[in-house]
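I opened the model to look up how its helices pack and where a handful of residues sit. The entries below follow the order in which I looked.

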Amino acid sequence: MKGYPCYLEKDEKGRWGGFALDLPVYAWGKATPEEVERSLAKGLALALLELQEGGQTPPPPGRPLTPEEEAERDREGYLLAYVEPHPVNPTSLELRRALKASGLTAREVAKRMGTTPSALSRLLDPFYFGHSLESLRRFARALGGEVRIQVVARAEG
C-alpha cells in the first residue's frame, strides 16, 4: 500500500468516478475504473505539488482506512483502490518556476521562442517528458537566461 486511499464507484449511467480520501482530488465520467485511477493519479500528483509549493507537509501515502471509512465503503458499495501519484517531470516544474520568476506571460515567452502558446503549454505540463535540449535553449533565451544541466550520480552500495 504505497498509494493514497481512493474510493471508486459506478453511477446509474454506467460511468465511473472516484475521489481521494486524504486530498481534494476527484474524477468522474470515465468508462472504466482504470481510467478513473489514471485520472486520480494525475490529480494526486498536482495536489501534492500544490501543497509542497505552499510549504505544507503532504499527508503520507498508504494509511489504512479508519473503522468509519470501512463502514462507509461497505454501506455505499465503493471500491477501494490505493492510487500512487503520477510521476511529474522536474524539467517542466523548473520551467514553470523560471517563467513565474521572469514576470513574463506565457504568450510573450511563446512569441519570443517563435512557437505557439499551446506548444509552450506542453513544455510546462508536469506530465510531459518529451523536452528537447533545443526547446530548453529556446525557452531560456526567451527569458534572457541559459540552460544548465547537472547530473548527480548515486553512490553505489
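Before listing neighbours I fixed the term: contact means heavy atoms within 4.5 Å. I also noted that the model is predicted.

**Entry 1: Ser-92**

I started with Ser-92, which is found in helix α3. Its relative accessible area came out at 0%, so Ser-92 is buried. I then asked which residues Ser-92 touches, not counting those up to four places away in sequence. The list I got is Leu-123, Leu-124, Asp-125, Pro-126, Tyr-128 and His-131. Two of these names, Leu-123 and Leu-124, come back in the next entry as buried residues of α5.

**Entry 2: helix α5**

I took α5, residues 117-124, and looked for its buried positions. They are Ala-119, Leu-120, Leu-123 and Leu-124. These residues lie on the same side of α5, because the arc they cover around the axis is only 145°. I looked up what covers them and found that the cover includes α3, α4 and α6.

**Entry 3: helix α4**

Next I went to α4, which spans residues 106-113. Which residues of α4 are buried? I noted Val-109, Ala-110 and Met-113. They cover an arc of only 100° around the axis, so they sit on the same side of α4. On the face turned away from that buried side I found the exposed residues Arg-107 and Lys-111. The buried residues of α4 pack against α3, α5 and α6. I also checked the backbone just after α4, where Gly-114 takes a positive phi of about 75°.

**Entry 4: helix α6**

I repeated the lookup for α6, residues 133-142. The buried residues here are Ser-135, Leu-136, Phe-139, Ala-140 and Ala-142. Their arc around the axis is only 160°, which means that they are on the same side of α6. I found them packed against α3 (90-102), α4 and α5. Just after α6, Gly-144 has a positive phi of about 80°.

**Entry 5: α4 against α6**

I then looked at this pair of helices by itself. The axes of α4 and α6 come within 9 Å and cross at roughly 115°. The crossing in which α4 passes α6 is right-handed. I asked which residues make the contact. From α4 they are Val-109, Arg-112 and Met-113, and from α6 they are Ser-135, Arg-138, Phe-139 and Ala-142. Sorted by class, this contact has 4 nonpolar, 1 polar and 2 charged residues. Val-109 and Met-113 had already appeared among the buried residues of α4, and Ser-135, Phe-139 and Ala-142 among those of α6.

**Entry 6: Glu-69**

I moved to helix α2 (residues 67-76), where Glu-69 lies. Is Glu-69 buried or exposed? With a relative accessible area of 17%, Glu-69 is buried, because the cut-off for buried is under 20%. A polar atom of the Glu-69 side chain lies 2.9 Å from the backbone nitrogen of Thr-66. Leaving aside neighbours within four places in sequence, I found Glu-69 in contact with Tyr-7, Leu-21, Arg-63 and Pro-64.

**Entry 7: Ala-81**

I picked Ala-81 from strand β4 (residues 79-83). Ala-81 is buried, with a relative accessible area of 9%. Outside the four places on either side in sequence, its contacts are Tyr-4, Pro-5, Cys-6, Leu-8 and Glu-37. As a distance check I took Ala-81 and Leu-124, which are 43 residues apart in sequence and 29 Å apart in space, C-alpha to C-alpha.

**Entry 8: Lys-42**

I looked up Lys-42 in helix α1 (residues 33-53). Its relative accessible area is 36%, so Lys-42 is partly exposed. Not counting residues up to four places away in sequence, Lys-42 touches His-86 and Phe-127. I computed the C-alpha separation for the pair Lys-42 and Phe-127 and got 8.1 Å, with their positions 85 residues apart along the chain.

**Entry 9: Val-151**

Last I went to the segment after α6, where Val-151 is found. Val-151 is exposed, with a relative accessible area of 74%. From Val-151 to Thr-32 the C-alpha distance is 40 Å, and the two are 119 residues apart in sequence.

Note on methods: Residues are numbered from 1 along each chain as its sequence is written. This is a predicted model: local features need pLDDT of at least 70, side-chain atom pairs count only at pLDDT 80 or more; totals for chains, interfaces and linings use all residues. Side-chain values use heavy atoms; hydrogens and water are left out. Axes are lines fitted to C-alpha atoms, for helices over the stretch in contact, and angles run from 0 to 180 degrees between N-to-C directions. Helices (H or I, at least four residues) and strands (E, at least two) are DSSP runs, numbered from the N terminus. A crossing is left-handed if the near helix is turned anticlockwise from the far one by less than a right angle, and right-handed if clockwise. Ala, Val, Leu, Ile, Met, Phe, Trp, Tyr, Cys and Pro count as nonpolar, Asp, Glu, Lys and Arg as charged, and the others, Gly among them, as polar. Buried means under 20% relative accessible area, exposed over 50%, partly exposed in between (1.4 Å probe, protein chains only). The arc is that of the directions from the helix axis to the C-beta atoms. A polar contact is a pair of N or O atoms within 3.5 Å; within protein, one must be able to donate a hydrogen and the other to accept it, and residues adjacent in sequence count only if both atoms are side-chain atoms.
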